[in-house]
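Biologist: I've never seen this one before. Could you walk me through it and show me how each label is earned?

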Amino acid sequence: MSTPDRSIEQCVGPDLENIEVMRNHSVLFRAECKRLIQDTDKACKRMQNDDNKQLDQRVRDIQFLKKELELKLEEIILEIDVLIELQRRVGKALGACKEPLRVTVRLHDEVDRELLRERGVIEGVASLLERVAEQITEQIRLNRSIKYHLEQDLKEKFAAQCIDNSCALMTAHSTNNQQRPKNTQTLLQSFTVTPEQWENISDINIAKAEQQQVNSLSLRAMVESLLEQTLADMQKQFQATTETFQLNVQEIKSAKGLMEDQLAKFASEQRTREDLQVAVSDSEHVLSLAQARLVVRRQRPGKEQCHDPAQNQLLAEVQQINVHINRLREAASRSEEQQRALVRCQLELQENIERKSSSLYIDEVVCAQHREPIIIHNF
């Protein structure tokens, strides 16, 4: 090979120096890439660890609020049940507010006045209990409303807890088949509730539940006191009316007994008139006997017809008997007039006795039957 050919070969041979530089750059680049991969891996692991911690903390926060919400939900449900039972008692008390019936032929006696008072007490209690029943119904509605919000909050908390638990179990390899959003900015814009607002929502629901509990307790205390007072008022008035009935029955029996005693005395008055008539009849028989003797004695012989003591006795007897008969007839006449007056009194007494008997039957039997089922128990 000639000398010119070797110089050309030297000019076109490999640039070893440049190759060495490129190789060194490549080594440095691989080292940099390795560090980048390691740093990225560490950063990802650190961020995943932070994510898991945040998710675990979030789940604990949700569980804490869930317990608070569940406790308030149990309390509000219990309060609703208690109010429903109280509502039933108030309804029972309203059913017991039925006015006792009493049929009477008299007006404005003491029994009627007590019955009017009793009706007034019952009507007042019924009106009051109706308003209380409305208040209980409204409080139950409010409690059920907060119960609904608590249940909705718990439902959402449960869903969020399940999702965050699922997120905590996810790994980088478990998401390969999941569809990823193309724009993460859209995801960030969808979160419109701040953590403070999120926590405040449950706090508001819990505060509302506590307020309704306070309102329910206050209403229950008021209703219990009201039921106790109305029960005492109704029992007191019912007892007063019952005692008045009993006193009235005793007075009617006493008056009826006095009238019956007076009526029994009319029989003796009737016997007096009959005795006078018998006495007149007996005296007339004695008079007839004396007159017959005088007539017979006139049949004596002429010289024998003298006013002897027997004749004088007979004449005096006729005169005295006539006097007695006239007196007896005058007494019988007066007795007859008195008898007519007594008959009028007797009829009036009999009518009064019948009215007393009717009133006694009404108060002692009819009214007692109407009032017997009325038993005012504790509401």
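Modeller: Sure, and keep in mind that this is a predicted model. Let's start with rings: two rings of Phe, Tyr or Trp pair if their centres lie within 6.5 Å.

Biologist: How many aromatic pairs does the structure hold?

Modeller: It holds 0 aromatic pairs.

Biologist: Then what makes you say that Arg58 lies over the face of Trp198?

Modeller: That label is about a charge and a ring. The cut-off is 6 Å from CZ of Arg to the ring centre, with an angle limit of 35 degrees from the ring normal. Arg58 is at 3.7 Å from the ring centre of Trp198, so it is within the distance limit, and it lies over the face.

Biologist: What is the secondary structure of the protein chain?

Modeller: There are 6 helices and 0 strands. Read from the N terminus, that gives α-α-α-α-α-α.

Biologist: And how much of the chain is buried?

Modeller: Of its 379 residues, 27% are buried. The chain exposes about 26,600 Å², with 54% of that supplied by carbon and sulfur atoms.

Biologist: Why is Gln212 called buried?

Modeller: Buried means under 20% relative accessible area. Gln212 has 15%, so it counts as buried. Gln212 lies in helix H5, which covers residues 195-297. Setting aside residues up to four places away in sequence, Gln212 touches Ile76, Gln139, Leu142, Asn143 and Ile146.

Biologist: Ser283 is in helix H5 too. Why does Ser283 count as buried?

Modeller: Its relative accessibility is 16%. That is under 20%, so the label is buried. Beyond its neighbours within four places in sequence, Ser283 is in contact with Ile321, Ile325 and Leu328.

Biologist: What about Arg371: why is that one counted as buried?

Modeller: Arg371 comes to 7% relative accessibility, which is under the 20% cut-off, so Arg371 is buried. You'll find Arg371 in helix H6. Its C-alpha atom is 9.5 Å from that of Phe238, and the two residues are 133 apart along the chain.

Biologist: And why is Ser145 called partly exposed?

Modeller: Partly exposed runs between the 20% and 50% cut-offs. Ser145 has a relative accessible area of 32%, so it falls in between. Ser145 is in helix H3, residues 110-169. From Ser145 to Ala209 it is 9.6 Å, C-alpha to C-alpha, with their positions 64 residues apart in sequence.

Biologist: How do you know that contacts join residues far along the sequence?

Modeller: Take the contacts between residues at least 6 apart in sequence: 89% of them join residues at least 24 apart.

Biologist: Last one: what lines the second largest pocket?

Modeller: The lining has 11 residues, and Thr242, Phe245, Gln246, Asp363 and Ala368 lie nearest the centre. Helices H5 and H6 (309-371) are the elements that give two or more residues to that lining.

Biologist: How much space lies in the second largest pocket?

Modeller: About 180 Å³.

Note on methods. Residues numbered from 1 in each chain as written. Predicted model: local features only at pLDDT ≥ 70, side-chain atom pairs only at ≥ 80, totals over all residues. Heavy atoms only, no water. Phe/Tyr/Trp six-rings, centres within 6.5 Å; stacked < 30°, edge-to-face > 60°. Helix = DSSP H or I, 4+ residues; strand = E, 2+ residues; numbered from the N terminus. Buried < 20%, exposed > 50% of the residue type's maximum accessible area, 1.4 Å probe, protein only. Contact = heavy atoms within 4.5 Å. Areas by Shrake-Rupley, 256 points an atom, 1.4 Å probe, with all protein chains shown as cover. 1 Å grid on protein atoms, 1.4 Å probe; cavity = no way out; pocket = protein on both sides within 12 Å on 5 of 7 lines; lining within 4 Å. Points joined across faces, edges and corners; volume = space filled by probe spheres on them.
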